[in-house]
Amino acid sequence: MERAAGILLPLFSLPSKYGIGTMGKNAYDFIDFLAKSQQTIWQLLPLGPTSYGDSPYQSFSSQAGNPYFIDLELLVNEGKLNKNDLPPETKENSLIDYGEIYINRTKILRKVFKDNFLKDHSEFQKFSEKNKWLDDYGLFMAVKKYFQMQSWQNWPDKTIREHQQMAVDYYRNTLREDVEFYQYLQYLFYKQFAALKEYAHKKGILLMGDLPIYAALDSVDVWANSSQFQLDEQLKPRKVAGVPPDYFSQDGQLWGNPLYDWTKMAADGYKYWIERIAGVSKLYDIIRIDHFRGLQAYWSVDSNEKTAKKGQWEMGPGISFVKTICDWFNDVQFVAEDLGEITDDVRQLIIDSNLPSMKVIEFGMNPKDKSCHCPCNYDKNCICYLGTHDNVPIMGWMKQASKEEVAYSKKYFNLNLKEGYNWGFIRGGMASCANTFIAQMQDYLALGEESRINIPSVGTGNWRWRMKSADMNALLAKKIAKLTRLYQRSKKN
């Protein structure tokens, strides 16, 4: 990858009139802003439908899109929705209220389905034929609704819990309207996203997104592919995923996702992964493999544990898996998210894979530690971040970091109030030898803790921050473009 720069901004953080960012006008405006800023990459977070906690890393499906991101005004423009049906407008930069959106948006989208499904049936059928995952997804969501949105493991009918063909046929026929409703929403989502992606490419912008390493327990992935996971005879997880105590939490992070049966996955050539990545590659040009170190060894915790402290490392699939997906998808650029407890074995896997790794400046400012995250220790084949979505934006970090880290940062980057501390860090990242530099939008806006996207190991209150339309202004774009050109990260150099 040539020298480039990009901005990390979740789709849900875009400004909008209706409570959450969507694939509408403001998404196109942000692409224009990126182009004016001479950026090359828009990094997004996972786009799947979310459940309790609203985390995009705990989705009902690894291939479906979140219906909340379907832009209602675009549907009005297409004649699929009346203006009178639009919800009340919200304050532009207010925090996302997922509960309210769940109630109001679902009612509106149900009306869109009833009014337009038959009209769109021919196009919908073509979409369905190209996306076979829709068969299980639509049924999964319809049965969830039928059983009051309970986790599939608590569905009272054992035959459908076990995905028995007779039950699948029965519920597909009985719940046909709901099955088609959930499938139709995916048709709308992918249609809007395809248009947005095409526009991004015209503007010279690549879309980068995450491939979460684990599937949520309450997902169509686990329900329809239970033999690929470490489940017992009752389809309950034997062991679950997490990480040991680390920078973010003294108890570690107990994610609770079921672990894969890598032996079975290897036996069928990683079919589940190939189908999953085939879907995700329709969305992104660059795919960040989340928790890459879990491919070398993963933290396995008994499912009855309350924290991730007690666990053990188990061997992952290693380079055979990485080579399989890279060879299969040779037109996709993969990135290794190699944060966390990194051993020599993990470093060797990254070297053998030749994938770009991740460096986070916030992790590299301890003067007593020769950290790989300090820019003086980078190699070119990496992406430099000030912080990721799991970190506090850099101005918040300056208030939370130790005195030693702050003092070292000031000396290292020659930070000063006149330039602005955030701009000093951005300058330092831009100037690094890393092939790619990415900052959160909040870092360009000099925002602090209040704009943080996620606090790992905290289950609620995350994924809610939104920016203002006025933040995407010409003056800021010009300032970003100047730095991007100076450090030869612009295609227009």
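Two strands pair if DSSP finds at least two bridges between them; strands (E, at least two residues) and helices (H or I, at least four) are DSSP runs, numbered from the N terminus. This is a predicted model, in which local features need pLDDT of at least 70, side-chain atom pairs count only at pLDDT 80 or more, and totals for chains, interfaces and linings use all residues. Residues are numbered from 1 along each chain as its sequence is written, and side-chain values use heavy atoms, with hydrogens and water left out.

Start by selecting strand β10, residues 357-360. Ser357 and Lys359 point one way, Met358 and Val360 the other, and all are buried (under 20% relative accessible area, 1.4 Å probe, protein chains only).

Next add strand β11, residues 382-385. It runs parallel to β10, and four bridges join the two. Lys359 stands opposite Cys384 of β11, while Met358 has Ile383 as its bridge partner. On β11, Cys382 and Cys384 lie on one side, Ile383 and Tyr385 on the other, and all are buried.

Now select strand β12, residues 436-440. Three bridges join β12 to β11, again in parallel. Here Cys384 stands opposite Phe437.

Last, go to helix α18, residues 474-486, and pick Lys482. Is Lys482 buried or exposed? Lys482 is exposed (over 50%), with a relative accessible area of 60%. Add Lys478, Arg485 and Lys492 to see the positive surface patch that they form with Lys482. Patch residues have over 30% relative accessible area and no salt bridge (a side-chain nitrogen of Lys or Arg within 4 Å of a carboxyl oxygen of Asp or Glu), and like charges are joined within 9 Å.

Notes
Patches are made of residues with over 30% relative accessible area and no salt bridge: like charges are joined within 9 Å, nonpolar side chains (Val, Leu, Ile, Met, Phe, Trp, Tyr) within 5 Å. Accessible areas come from the Shrake-Rupley method with a 1.4 Å probe; for residues, only the protein chains shown count as cover. Lys and Arg count as positive and Asp and Glu as negative; His and the chain ends are not counted. The place of a charge is taken as NZ of Lys, CZ of Arg, CG of Asp or CD of Glu.
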